Amino acid sequence: MNLQYALPSHIRTAMGIPESEEIWYAVPFDLTNQGVFTQNSYVAVTKKTLYVAEEGNLFYRIALSDLRDVRCETLVNNGILCVEEKKTDGWKKIVRFSMKHLSRFAFLAKGIRLLMKENFRRVISVEYEKTCPICGRALPGTRVCPHCEGNRHLTIARFAHLCQGYKKQFLIVTLMMGLASVTALAGPEVQKRFIDETLRSGHGNLTQVAEFVIVMAILTALTILIRYYRNLWSANLGAGISKDVRAMLYHKIQILSLSFIQERRPGDLMNRINRDTGMIRRFMEEAFGNIFYYIMLLCGAVIMMWRISWKLTLVSVVFLPLALALSVAWRKNIHRRFHMQYQKLDENNSALQDVLSGMRVVKSFGKEWDESQKFQKKTGEFAEIQEKNEVFWASFYPLLTFLMGMGIYFVTWLGGLETLQSKMTVGELMQFITCATMMYGPLGWMTHLPRMIVQMLTSLERIYDVLDEQPKIQDDKDPVDRVIEGKVEFKKVGFGYKSYLPVLDEINLSVKPGEMIGIVGASGTGKSTLINLLMHLYEVDEGEILIDGININRYRLSCYHSQIGVVLQETFLFSDTILNNLRFARPEASEEEIIRAAKMANAHDFICKMPNGYNTYVGERGYNLSGGERQRIAIARAILTNPRILILDEATASLDTESEFLIQTALNRLTEGRTTFAIAHRLSTLKDADRLIVIDEHHIAEMGSHEQLMQQKGIYYQLVMAQLQMQNLERPQEMAQ
Amino acid sequence: MQEPFQLEQMEKETKEMLKLRYLTKENCTFQRTPGGFVSLTVGDEHYDRIQVFCTFPFTDRYRCVSIRESTEKAKEIGIIQDLNQDLDAETVAMIQEQISLRYFTPVITKIKSVKEEYGFAYFDVETDHGPCRFAIHMSGSAVVHLSETRVLFLDLDENRFEIPDLTALSTKEQKKISVFL
């Protein structure tokens with residue numbers, strides 16, 4: 001997202017920015033303070049001053065040193081930039097903008113705040129624009145606009161390079177297309193000769209008729225055979241290329257940082273792997289396999305027609321644009337009508353799904369009749385549109401076919417006249433008509449071609465957009481491979497998932513090897529973020545994390561991750577056997593090691609009791625494990641790697657008392673002698689922690705042992721007391737039950 | 001250092017959350033701030049800046065208007081039951097200004113053109129906030145039906161555009177957007 005627009009010279013003049021001042025940020029906005037859409041309105045920030053020009057005129061100017069604070073406020077479907085001046089009290093609204101610029105101004109506010117602190121680091125936004133700032137077209141999830149800045153030639157060249165491994169398939173498909181058009185054009189030629197030289201010559205015989213039948217049969221057989229091979233190799237080509245691209249995309253998405261994946265909706269990446277690669281396959285199968293065939297057929301047909309009668313050929317060609325226009329108009333109309341029908345169907349389906357999944361609520365409120373009335377209305381609307389469309393299709397399609405064939409009727413009439421005047425033979429007339437039909441035939445398909453090409457190019461661009469992305473976390477040039485002792489230091493660490501929104505700020509923490517740290521704090525304060533940084537899933541924005549005194553970035557990623565064990569609240573097990581789920585962490589682990597790990601995790605007993613033991617299939621299609629069982633498998637998985645640093649994120653939350661006891665004992669075994677970071681809402685589970693840290697408002701608010709923090713009577717004390725009170729409230733109820 | 005934990009305090013706060021305090025011209029004073037916002041004095045409480053939230057922004061914008069603190073938590077100060085009845089004309093204008101600042105939903109008054117291109121539709125329209133162009137997704141939930149004749153268009157940036165009465169559009173305009181309805 002651009003934060004450094006080129007400021008038009010008249011705006012710069014209106015703002016009165018001296019030539020000597022470098023513009024640090026310049027962004028446009030689209031609403032006046034009264035909420036009227038505007039152009040020619042910009043905010044510019046230099047190292048010293050903030051300028052606002054509304055509709056080309058200076059609206060506000062202030063020295064950054066005269067500002068106390070600045071912030072971007074999100075309202076409903078718009079936003080404002082507010083400042084707090086030193087000389088006056090209260091916030092002042094200086095810029096208003098639509099949602100188009102909301103993210104941009106959030107970043108800008110962060111940038112201005114940094115400049116106010118004389119920190120001249122430029123804030124950069126990695127977020128994508130939704131629409132092209134030049135042409136206004138929607139961007140298909142890519143960084144640059146394919147129409148304005150994208151280099152389609154380059155995309156095609158890169159695609160051609162990718163296809164190099166499929167030269168043989170390309171050659172065969174092209175050859176098959178050539179053969180197909182030759183056999184298609186040979187048919188009318190043979191027919192012409194048969195009519196003129198056998199039927200109309202007056203000396204035709206049975207042998208000639210038999211010869212004709214045999215030749216036609218051979219041609220038909222050839223056509224079928226060629227079509228079969230053409231389809232086979234087209235499918236082979238499309239499937240092969242899309243498989244390669246899919247594999248490349250999948251690999252790239254695996255190595256890209258989590259931040260890249262989280263910036264996108266999961267569906268978006270799924271679409272790129274499935275739909276966009278599918279689009280390439282479809283194009284290779286449906287379009288590429290036919291393009292040359294139809295072009296060759298069209299040219300061949302025109303040449304043959306020209307040979308018979310150039311005048312008639314010209315007449316036929318005159319009708320081409322008319323037929324083309326009809327075809328385009330028809331397609332648009334049909335598209336519009338059926339789009340409406342599909343939309344109504346979608347609405348019907350979602351209404352149905354809504355009611356079916358909420359059936360318990362519907363029944364418990366006795367609203368069955370109301371709901372069925374509502375659905376009846378919706379389904380009635382759908383039926384109405386469907387009926388209209390079917391009637392339209394049934395009545396207009398024959399008419400369209402008639403209109404599209406007008407050229408042929410006209411040619412037949414003129415050709416008939418010429419044949420009667422003996423300027424043309426009957427065979428030639430038949431050949432001409434067949435060729436003209438061949439020429440008009442692919443017109444409908446041809447009108448789809450530009451759309452298919454653009455869709456395929458757009459898909460390619462979306463794919464290359466991912467392939468070109470560089471992972472933010474990469475192995476160092478000279479990575480460190482070593483066994484970690486477990487000393488962890490956070491030095492002035494600052495981080496935010498969006499660089500303008502800090503989650504952690506100035507985190508300083510030093511942990512000795514083998515120490516257990518309990519992390520406490522309200523939801524959304526950054527506890528999980530802290531361990532995400534420790535897991536090296538994200539790069540810190542400020543400061544550094546040292547592991548045994550070496551910067552975390554210097555470790556080889558695979559080496560570092562192999563020495564970290566993680567047990568999360570939501571345990572993720574793959575749809576596979578328990579054995580393979582355990583071995584995921586260490587594929588070479590022996591059966592004995594696996595059993596030992598499972599025993600330590602209190603998981604061995606329940607696994608043994610299952611009919612298929614360690615070979616039990618878990619996940620979507622397999623055995624359903626309870627939350628506690630899944631958790632114990634996750635702990636065994638963590639034990640198996642013998643991690644030096646252990647991370648427990650709410651590992652015992654939402655479990656029943658018995659499971660919690662089993663897991664707690666398993667965890668105690670696991671944490672022994674290992675540097676452990678444990679997050680827990682239930683503070684009793686952190687009783688064994690050597691030190692506790694309380695995170696509040698992006699900082700470490702309190703740090704110390706349980707006793708020290710209780711004496712401080714701060715946030716931790718409040719939390720402990722609140723939980724005790726809750727237990728006291730719950731206890732009489734439990735006893736009553 | 002924080003106060004020792006008090007259950008009574010927490011319970012008091014919870015009870016306070018259940019209370020409905022109505023703001024009327026008799027018990028409160030709203031005033032414009034130099035920064036373009038509104039301040040409020042109610043009893044002996046004073047708020048330098050307040051936020052105005054519509055509780056029924058689509059069905060009855062000026063009914064039960066919730067007045068809240070301008071902090072991140074936006075704690076409710078009170079409710080104006082009927083904006084046009086309960087306050088004087090000047091205050092009503094003041095609150096309405098704040099409502100139109102908070103809720104930005106331009107009303108489409110004229111549809112100049114709608115162009116479809118590869119899964120997106122590009123609108124060129126006149127609104128009560130001036131002329132504007134925006135793009136919507138052809139698929140998905142870009143069109144929200146608030147009633148039979150009232151629709152909202154959600155553009156790619158998540159701006160909202162409203163057509164309050166479809167029947168008020170010309171036949172030509174209606175045809176342009178029929179595919180979305």
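Trainee: Why does A:Glu118 count as exposed?

Mentor: A residue is exposed if 12 or fewer other C-beta atoms lie within 10 Å of its own, buried if 20 or more do, and partly exposed in between; the C-beta atoms are placed from the backbone. A:Glu118 has 9 such neighbours inside 10 Å, so it counts as exposed. This is a predicted model: local features need pLDDT of at least 70, side-chain atom pairs count only at pLDDT 80 or more, and totals for chains, interfaces and linings use all residues. Residues are numbered from 1 along each chain as its sequence is written, while chains are lettered from A and ligands numbered from 1 in the order in which they are written.

Trainee: Where does A:Glu118 lie?

Mentor: In the loop between helix H2 (102-116) and helix H3 (152-162) of chain A. Helices (H or I, at least four residues) and strands (E, at least two) are DSSP runs, numbered from the N terminus. A:Glu118 also has a positive phi of about 60°, although it is not a glycine.

Trainee: What makes A:Lys713 partly exposed?

Mentor: A:Lys713 has 15 other C-beta atoms within 10 Å. That value falls in between the two cut-offs, so partly exposed is the class. A:Lys713 sits in the loop between helix H21 (706-712) and H22 of chain A. Its phi is positive too, about 50°, though it is not a glycine.

Trainee: How do you know that E10(A) is largely enclosed?

Mentor: 5 of the 5 residues of E10(A) are buried, so the rest of the structure largely encloses this strand. A:Met516, A:Gly518 and A:Val520 point one way, and A:Ile517 and A:Ile519 the other way. For chain A as a whole, 31% of the 737 residues count as buried.

Trainee: What joins E10(A) to E15(A)?

Mentor: 4 bridges join E10 (residues 516-520) to E15 (residues 675-679), and the two strands run parallel. Strands pair if DSSP finds at least two bridges between them, so E10(A) and E15(A) pair. A:Met516 stands opposite A:Thr676. The bridge partner of A:Ile517 is A:Phe677. On E16(A), 4 bridges again join a parallel strand to E10(A). There, A:Gly518 has A:Leu692 as its bridge partner.

Trainee: What is the strand order of the open sheet?

Mentor: The 6 strands follow the order E13-E14-E15-E10-E16-E17 in chain A, with mixed pairing. E13 (564-568) and E17 (699-704) are the edge strands, as each pairs on one side only. Neighbouring strands are turned by 15° against each other on average, direction ignored.

Trainee: Which strands does helix H14 touch?

Mentor: H14 (residues 527-534) of chain A touches E10, E14 (645-649), E15 and E16 (691-696). Its direction makes about 150° with that of E15(A). Helix H19 (residues 627-640) of chain A packs on the sheet as well, touching E13 and E14, at about 175° to E13(A). Contact here means C-beta atoms, placed from the backbone, within 7 Å.

Trainee: Why are H8(A) and H10(A) called roughly antiparallel?

Mentor: Angles over 145 degrees count as roughly antiparallel, under 35 as roughly parallel, 65 to 115 as roughly perpendicular and the rest as oblique. H8(A) and H10(A) (residues 368-404) cross at roughly 165°, with axes that come within 10 Å. They are therefore roughly antiparallel. Axes are lines fitted to C-alpha atoms, for helices over the stretch in contact, and angles run from 0 to 180 degrees between N-to-C directions.

Trainee: What is the handedness of the crossing of H8(A) and H10(A)?

Mentor: Left-handed. In such a crossing the near helix is turned anticlockwise from the far one by less than a right angle; clockwise makes it right-handed. H4(A) passes H12(A) in a right-handed crossing.

Trainee: What makes H4(A) and H12(A) roughly antiparallel?

Mentor: H4 (residues 167-199) and H12 (residues 426-440) of chain A pack at about 160°, with their axes 7 Å apart. That angle is over the 145 cut-off, so roughly antiparallel is the verdict. Their contact divides into 7 nonpolar, 4 polar and 5 charged residues. Ala, Val, Leu, Ile, Met, Phe, Trp, Tyr, Cys and Pro count as nonpolar, Asp, Glu, Lys and Arg as charged, and the others, Gly among them, as polar.

Trainee: How many residues of chain A are in contact with chain B?

Mentor: 32 residues of chain A meet 32 residues of chain B. H22(A) gives the most to the chain A side, with 5 residues. By class, that side has 12 nonpolar, 14 polar and 6 charged residues.

Definitions and conventions
Two residues are in contact if their C-beta atoms, placed from the backbone, lie within 7 Å.
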